[in-house]
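I opened my notebook to get to know a new structure. Here is what I looked up, entry by entry.

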Amino acid sequence: IFTASWHRLPLAALSRVEYIFKPKTRDQRSRVFDYLEDVYMSVRGLRGATVAREDRPEVILTATRELLEAILEANPSLELDDMASALFTVSADLRSVYPAQAARQMGWQLVPLMCAQEIPVPGSLERCIRVLIHWNTNLPPEAVRHVYLHGAASLRPDLAGEQSSQRRQ
């Protein structure tokens with residue numbers, strides 16, 4: 001009755017499904033689970049980072065737009081409706097503008113966005129802008145393409161793939 005992917009669905013959700021649909025036979029129960037398997041979706045974290053040349057609003061917004069466009073290009077199935085939220089962080093030396101403003105300018109009006117400052121660890125990458133997008137998708141984790149541009153590729157060389165290396169300067 002249970003397929004391999006059902007271990008990911010919370011028990012409370014299964015109980016609610018059984019309460020709503022009231023499957024009486026094994027066949028009915030199986031059909032309910034088949035239906036849910038089609039609509040059930042995981043939330044994946046999609047990471048990206050870049051650096052800004054200096055702490056000026058137009059420079060930060062341009063760098064952020066470049067990063068978000070690269071993420072969308074690297075993940076063609078990513079749609080705004082599938083984004084649960086996005087968290088932007090900046091290093092302590094970037095204070096002139098919120099990077100989320102670039103996302104709003106790109107039309108991300110209904111995506112919940114938040115900005116924060118990175119922990120100022122000595123020796124960390126300067127003028128760094130990072131994003132973590134929470135993506136509702138059925139893609140497996142290995143199919144998600146993380147994007148690290150310019151000097152930020154040094155943060156995760158294991159994840160900075162072909163897309164990132166083409167954009168490094």
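**Pocket.** I began with the lining of the largest pocket and found that helix 3 gives the most to it, with 4 residues. Helices here are DSSP runs (H or I, at least four residues) and strands are E runs of at least two, numbered from the N terminus. This is a predicted model, where local features need pLDDT of at least 70, side-chain atom pairs count only at 80 or more, and totals for chains, interfaces and linings use all residues. Residues are numbered from 1 along each chain, and side-chain values use heavy atoms, without hydrogens or water.

**Confidence.** I noted a mean pLDDT (the predictor's confidence in each residue, from 0 to 100) of 84 for the protein chain, with 72% of its residues at 70 or more. Residues 1-7 fall below 50, and so do residues 163-169.

**Cores.** Next I looked up the largest nonpolar core, a set of buried (under 20% relative accessible area, 1.4 Å probe, protein chains only) Ala, Val, Leu, Ile, Met, Phe, Trp, Tyr and Cys residues joined through side-chain atoms within 4.5 Å. I found 21 residues in this core, and Ile-71, Phe-88 and Ile-133 are among those with the most contacts inside it. Helix 3 gives the most to this core, with 5 residues. I also found a second, separate core of 10 residues, including Val-59 and Ile-129.

**One residue.** Which residues does Ile-133 touch, not counting those up to four places away in sequence? My list includes Arg-44, Leu-46, Ile-71, Met-83 and Trp-108, with contact meaning heavy atoms within 4.5 Å.

How values were computed. Buried < 20%, exposed > 50% of the residue type's maximum accessible area, 1.4 Å probe, protein only.
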